[in-house]
Amino acid sequence: MTDFTGMTSLGSDYRALVLGASGGIGSAFVEVLRADPRCGEVAGLSRSVDGFDVTDEDSVAAAAARLSGSGARFDMILCATGALTIDDVGPEKAIKAIRPEAMAAQFAVNAIGPALVLKHFSPLLASDRRSLFAALSARVGSIGDNRLGGWISYRAAKAALNQIVRTSAIEIARTRPNAVVVTLHPGSVDTGLSSAFAKGHDRLVPTDSAARMLSVLDSLEPAQSGGFHAYDGQPVEW
Ligand SMILES: NC(=O)c1ccc[n+]([C@@H]2O[C@H](COP(=O)([O-])OP(=O)(O)OC[C@H]3O[C@@H](n4cnc5c(N)ncnc54)[C@H](OP(=O)(O)O)[C@@H]3O)[C@@H](O)[C@H]2O)c1
């Protein structure tokens, strides 16, 4: 695993919450954070284990209410949910392959889902100190960086996610001036999501990607809230 010295910008005994904790990258976040001696608690929620479904607002609201009811406040919330293939439908290769229901499903999981997470979970971010929120986007959601085409629905949903997080960051800064709210590109990572599309591509080990993204988050200032950064610390163009 990449050297990860721990989250130095958060207080000792900080509390983290990973949404999508069952996923390749989500479970790597949990593993890396559990190994950080400064981390007081890592809570995780996922669809397959807890029935936490970002396409169902009642499920998102109920999960947030359960945590809120127990008085929980988090120093860091990581939204690692997302999908590239949904109901056996993979990303389109051409315009003629666009299917409205498949596109709507992409938006439900990759854009509206994290928007609902922001709606119900951002109130759980600590307000009296530095706090961090990150949602996993993808470089292919960058409009300026799009040179290959294809994958229209997934790209568009991630571009929408970037706008949702950017807009939310501006509002959250009004009540939480020390918050950093960003989207992150994890790199090409060896998980179930990417395995069918990995031929000929090097992929990062999930814990490596998670550790590098945590280092990036640790380094960001509130003035950089609303940004889109890659696992290597470089900003990604919109
Ligand atoms: N892997 C890559 O190379 C790569 C590259 C760029 C961006 N990303 C992004 O990184 C994120 C994580 O991807 P990954 O590689 O870790 O994929 P993964 O291993 O397939 O994990 C996806 C996670 O999302 C959860 N999920 C899917 N649909 C959900 C829903 N409707 N409600 C709640 N949870 C849902 C899954 O939950 P269950 O399994 O419990 O159902 C799982 O925890 C995604 O947003 C992806 O777009 C990945």
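Which residues line the second largest pocket? Before selecting them, bear in mind that this is a predicted model, and that the stops below move from that pocket to the ligand and then to a pair of charged side chains.

**The second largest pocket**

Select Ala115, Leu118, Lys119, Ser122, Pro123, Ser168, Glu171, Ile172, Thr175 and Arg176, which together line the second largest pocket, a space of about 170 Å³. If you then colour the helices, you will find that α4 (100–121) and α5 each supply at least two residues of this lining, with α5 giving the largest share, four residues. By residue type, the lining of this pocket divides into four nonpolar, three polar and three charged residues.

**The ligand and its shell**

Keep α5 (152–175) on display and add α1 (24–34) and α2 (47–50), since each of these helices supplies at least two residues of the shell around the ligand. Now select the ligand with its surroundings: 28 residues surround the ligand, and the closest are Ser22, Gly24, Ser48, Tyr154 and Thr191. Colouring the shell by type gives 11 nonpolar, 14 polar and three charged residues.

Next, show the backbone atoms of Gly23 and Ile25, where a backbone N or O atom of Gly23 lies 3.0 Å from an oxygen atom of the ligand, and a backbone N or O atom of Ile25 lies 2.9 Å from an oxygen atom of the ligand. For a contact made through a side chain, turn to Asp53, which places a polar side-chain atom 2.9 Å from a nitrogen atom of the ligand. With a surface switched on, note that the protein covers 89% of the 900 Å² of accessible area that the ligand has on its own.

**A salt bridge between two loops**

Finally, select Arg129 and Asp75, which form a salt bridge whose closest N and O atoms are 2.7 Å apart. Arg129 sits in the loop between α4 and β4 (131–136), while Asp75 sits in the loop between α3 (57–69) and β3 (76–79), so this pair ties together parts that are 54 residues apart in sequence. The model has eight salt bridges by count, and the pair formed by Arg129 and Asp75 is one of them.

Terms used. Residues numbered from 1 in each chain as written. Predicted model: local features only at pLDDT ≥ 70, side-chain atom pairs only at ≥ 80, totals over all residues. Heavy atoms only, no water. Near = heavy atom within 4 Å. Polar contact = N/O pair within 3.5 Å; in protein donor to acceptor, adjacent residues only side chain to side chain. Areas by Shrake-Rupley, 256 points an atom, 1.4 Å probe, with all protein chains shown as cover. Nonpolar A, V, L, I, M, F, W, Y, C, P; charged D, E, K, R; others polar. 1 Å grid on protein atoms, 1.4 Å probe; cavity = no way out; pocket = protein on both sides within 12 Å on 5 of 7 lines; lining within 4 Å. Points joined across faces, edges and corners; volume = space filled by probe spheres on them. Salt bridge = Lys/Arg side-chain N within 4 Å of Asp/Glu carboxyl O.
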